[in-house]
Amino acid sequence: TVLLPAVARSQPTMSNAVVKEYIAMAERGTSRTLSGHRKKVHTVAWNRSGKRLATGSVDATARVWQVDHRHGKDSELKGHQGSVDQLCWSPLHDDLLATASSDKSVIAWDTRAAKVQHTVNTNGENINIGWSPDGKYVMVGDKNDELSVIDTCSWTVVHKRTFDTEVNEFAWDKDGNVVFLMLGNGHIDVVKFPELESLFSVPAHPANIYCADRSPEGTYLAVGGADAHVSLWDYSEMICVRTFGRMEWPVRTVSFSHDGDLLALASEDLEIEIAHTGTGHMVHRIACNAPTNSVAWNPRKPVLAYAGDDKDDKGHYGLVHIFSMANKA
């Protein structure tokens, strides 16, 4: 029997007054929109310092935005021949980005020069990507349900495994020793990393699981599925401690805030929900004009980036939105 390492449990210290404070911060929040992509945006992600935001689009490009710049200054990354469906930043370097594309390739970028550093070819159209917590590996999943582990020193595939069940997003434990796979049969498969050896599987949802995120302090795993619910797991024991069930459509994307106190979740519903992790209470709803594809909290402050299928006033796709909660009173 293999047991996951114990992690410190977060004690419920948040009072109703603090939840109300979050509600007030959200109500005083401000929004802005960035435009640059020519087609729908599928993915958004902040670098480790929270100073830059990367976005990937059906237009086969990624963009890196200096969000704090007055006009949202950006640089375009060209190199893929197909849709950029997901991307991730290095946990060790502010300027190193990896993108996964339907063109059956992964590209590592030096975003300072907007240049391709490495290209890794895969067997299928890539739909999911993540960087291990220690920075040593990038893992990518494709439409053939094959996972490929890429060594970031040599940028070569060192482990590979094809699964019999649909594999969607994945998330590591804090130490990077195991990875949690979200499966099409509603289970979470717990896999040894980087060997990709299955340890055990946990039934989590009655339908397909699409997305996942681990809380920054390493206590919880949030999982979203086709049943329109998000479940919150204490992953040291793989116990579900709470569910969020206010959505009506399949949950596409989830993200924890920088302190783990807030959870953003989005679906084909025309709103994004921000909930309080510790109590499950609703904090805020962000109205949207179209389904949302990706949400990501800034790793340093309560600022949420999101993108979906919406258009501007001229009917053009490619919008990226930034919602900034007000500072605490």
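Is Phe193 buried or exposed? Phe193 is buried, at a relative accessible area of 6%. Buried means under 20% relative accessible area, exposed over 50%, and partly exposed in between (1.4 Å probe, protein chains only). This is a predicted model: local features need pLDDT of at least 70, side-chain atom pairs count only at pLDDT 80 or more, and totals for chains, interfaces and linings use all residues. Residues are numbered from 1 along each chain as its sequence is written, and side-chain values use heavy atoms, with hydrogens and water left out.

**Overall fold**

- The protein has 28 strands and one helix. Helices (H or I, at least four residues) and strands (E, at least two) are DSSP runs, numbered from the N terminus.
- The radius of gyration is 19 Å, which agrees with the value near 20 Å for a compact globule of 329 residues. The radius is taken over C-alpha atoms, and the globule rule is 2.2 Å times the number of residues to the power 0.38.
- Along the principal axes, the C-alpha atoms fill a box of roughly 55 × 50 × 35 Å.
- Of the 329 residues, 55% are buried.
- Among contacts with a separation of 6 or more, 45% come from residues 24 or more positions apart. Contact means heavy atoms within 4.5 Å.
- The accessible surface is about 14100 Å², and carbon and sulfur atoms hold 46% of that area. Areas come from the Shrake-Rupley method with a 1.4 Å probe; for residues, only the protein chains shown count as cover.

**Aromatic pairs around Phe193**

- Rings of Phe, Tyr and Trp (its six-membered ring) pair if their centres lie within 6.5 Å; planes under 30 degrees apart count as stacked, over 60 as edge-to-face and the rest as tilted.
- Five aromatic pairs meet this rule.
- Tyr137 and Phe193 are edge-to-face, because their ring centres lie 5.5 Å apart with planes at 85°.
- That pair bridges distant parts of the chain: Tyr137 sits in strand E11 (residues 137–142), and Phe193 in the loop between strand E16 (187–192) and strand E17 (197–203), 56 residues apart.
- Tyr137 and Phe193 are both buried.
- Trp172 and Phe193 are also edge-to-face, since their centres are 5.3 Å apart and their planes stand at 90°.
- This second pair also links distant parts of the chain, with Trp172 in strand E14 (residues 167–172) and Phe193 in the loop between E16 and E17, 21 residues away.
- Trp172 has 6% relative accessibility, so it counts as buried.
- One aromatic cluster takes in Tyr137, Phe170, Trp172 and Phe193.

**Sheet E1-E28-E27-E26**

- Four strands make an open, antiparallel sheet in the order E1-E28-E27-E26. Two strands pair if DSSP finds at least two bridges between them.
- Strand E1 (30–35) and strand E26 (292–297) are the edges; each has a single partner strand, so one side of each lacks a neighbour in the sheet.
- Neighbouring strands are turned by 20° against each other on average, direction ignored. Axes are lines fitted to C-alpha atoms, for helices over the stretch in contact, and angles run from 0 to 180 degrees between N-to-C directions.
- E1 and strand E28 (residues 319–324) run antiparallel and are joined by six bridges.
- Ser31 faces Phe323 in E28.

**Sheet E2-E3-E4-E5**

- Another open sheet has four strands in the order E2-E3-E4-E5, with antiparallel pairing.
- Its edges are strand E2 (41–46) and strand E5 (73–78), each with a single partner strand, so each has one side without a neighbour in the sheet.
- The twist from one strand to the next averages 20°.
- Four bridges pair strand E3 (residues 53–57) with strand E4 (residues 61–66) in the antiparallel sense.
- Thr55 stands opposite Arg63 in E4.
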